[in-house]
Amino acid sequence: MIFKYTSVLALFFFYNMGISQSIDTSGMEGILYSDEGWVSISTTNGKISGINRLAKENKVSKMYVAPGLIDVQINGYMGVDFSGPDLTVEGIRKATKALWKAGVTTYFPTIITSDFNRMKTNFAILAEAQKDPEIGKSIPGFHLEGPYISPLPGFRGAHLEKYIKNPDWEEFQELQKAANNGIKLITVAPELDGAIPFIRNCVANGIIVALGHHNGSAEDIERAIDAGAKMATHLGNGCANEINRHHNPIWPQLADDRITPSLIADGFHLTKEEVRSFYKVKGPNNTILVSDALDLAGLPPGEYTRGERTLLLTPNVVKLPKENVLAGAASPISACVGVIMDFTQCTLNDAIQMASTNPAKMFSLNEIGEIGQGKRADLILFNLKDNQVVIHKTFVSGHLVYSKD
């Protein structure tokens, strides 16, 4: 009897010890982004198990805590080009870890218009990276930007014209097979032959369709939205420098409440007045921030050759000098959080909603994008200095993956 009682006590002790070891609260304390209250967040097995309010006010250190940022359009980072000829799983691991330092806990590697076999090969490499136990949780899907976009100068941006084509469902299915069904977002021009049935097929197969790099009329855009298109890729960019003041692709997408635009609010792709106007029309509930960063982001300024393109990296953006257009961004999405606060005077809560909560909802990533009981503990701790986000700690599934200190 004594032996049985002792055994039960021992089991109870070790069981509780196991539970306590799986609970972590280290380093997860700060000002909650949504209401400015002080909190301590505890996690159990990678999920948020407690949000504890603290009767504390630290007037010296203003460390905020928020859900990790989600970037659904990023072409590469720190020299790793997701569309390039030298892509490897190790390169994707390098880019992912660098993005953790920028507060990005989830992202959609974006492959742009290029040779079909190159796209197919690189999607297969991305699918392998998705299985990697260290970084896989940060890559829930991929974005295909092109090749089914406008071939017109300006509207095609930095995409090479010779690879642009009309939508082809059978061809796309080859890419999707190589990607192990990982393509979750595709950017399409609605005015192309076959675009509307292609959009319907994508929607029927659970793929979010965004309209971008297009010169669609109001009628083209309405048909595409009726077919199920939900987003506008980097609204205001991927557009010719000179457009008709009345009849252009921007107004119809702004006017239709069914479209959620993504914005590159890095302070250079769009003017302050454009960002403010788009924000006033769509609001924080119907806007998604993206970086559109290229692999050159994080590298020293200068001229770089990438495949068949010569690009100029400035401290602020990446340019395609030959076409006199922007080729992409040089900043991570964390920079967009500060800029949109500065440009629109929106709250931190609104900015985080556009950079995390809204993309999570758009892609049914129900475990992330918010701080709440049972949500995955993808968290960032950061300071705001003159509306610039300075990341101090990043957690993915409760694990500390980056610390500034």
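Two rings of Phe, Tyr or Trp are taken as a pair if their centres lie within 6.5 Å. With that cut-off, a search of the whole structure, which is a predicted model, finds eight aromatic pairs. A pair of this kind is described by the distance of the centres and the angle of the planes. The rings of Y148 and F198 have centres 5.2 Å apart and planes at 65°, and therefore count as edge-to-face. Y148 belongs to the loop between strand 10 (142-145) and helix 4 (169-178), whereas F198 sits in helix 5 (residues 195-204), so this pair ties together parts that are 50 residues apart in sequence. Y148 and F198 are both buried.

A second pair is made by W169 and F172, with ring centres 5.5 Å apart and planes at 35°, so this one is tilted. W169 and F172 are three residues apart in helix 4, which means that about one helical turn separates them. An α-helix has 3.6 residues a turn, so residues three or four places apart point the same way. W169 and F172 are also buried. Taken together, Y148, W169, F172 and F198 form one aromatic cluster.

The backbone deserves a look as well. Most residues other than glycine have a negative phi, and most peptide bonds are trans. Against that background, the peptide bond from G146 to P147 is cis, with omega near 0°. P147 is placed in the loop between strand 10 and helix 4, the loop that also holds Y148. Two non-glycine residues with a positive phi of about 55° are D386 and S397. D386 is found in the loop between strand 20 (379-385) and strand 21 (388-396), while S397 lies in the loop between strand 21 and strand 22 (399-403). Their surroundings contrast: D386 has 78% relative accessibility and so counts as exposed, whereas S397, at 5%, counts as buried.

Helix 9 offers another view of the fold. This helix covers residues 333-344, 12 in number, and reaches 17 Å from its first C-alpha to its last, close to the 16 Å expected at 1.5 Å a residue. Helix 9 is mostly covered, with 10 of its 12 residues buried. Among the buried residues are I333, C336, V337, I340, M341 and F343. Just after the helix comes Q345, whose phi is positive, near 65°.

Cysteines are a natural next stop for anyone at the bench. A disulfide is a covalent bond between the sulfur atoms of two cysteines. A search of the whole structure finds zero disulfides. The sulfur of C239 is 19 Å from the closest cysteine sulfur, that of C336, and so is too far away for a bond. C239 counts as buried because its relative accessibility is 15%. C346 is likewise in no disulfide, and its nearest cysteine sulfur, again in C336, is 12 Å away. At 9% relative accessibility, C346 is counted as buried, and C336 is one of the buried residues of helix 9.

Finally, there is the recorded annotation. An unreviewed UniProt entry gives "domain: Amidohydrolase-related" for residues 64-401. In the model, this span is 30% helix and 25% strand, and its end C-alpha atoms lie 17 Å apart.

Key:
Residues are numbered from 1 along each chain as its sequence is written. This is a predicted model: local features need pLDDT of at least 70, side-chain atom pairs count only at pLDDT 80 or more; totals for chains, interfaces and linings use all residues. Side-chain values use heavy atoms; hydrogens and water are left out. Helices (H or I, at least four residues) and strands (E, at least two) are DSSP runs, numbered from the N terminus. The expected span of a helix is 1.5 Å times one less than its number of residues. Buried means under 20% relative accessible area, exposed over 50%, partly exposed in between (1.4 Å probe, protein chains only). Rings of Phe, Tyr and Trp (its six-membered ring) pair if their centres lie within 6.5 Å; planes under 30 degrees apart count as stacked, over 60 as edge-to-face and the rest as tilted. UniProt positions are given in the numbering used here, feature names are shortened, and annotations may be inferred rather than shown by experiment. A disulfide is a pair of cysteine sulfur atoms within 2.5 Å.
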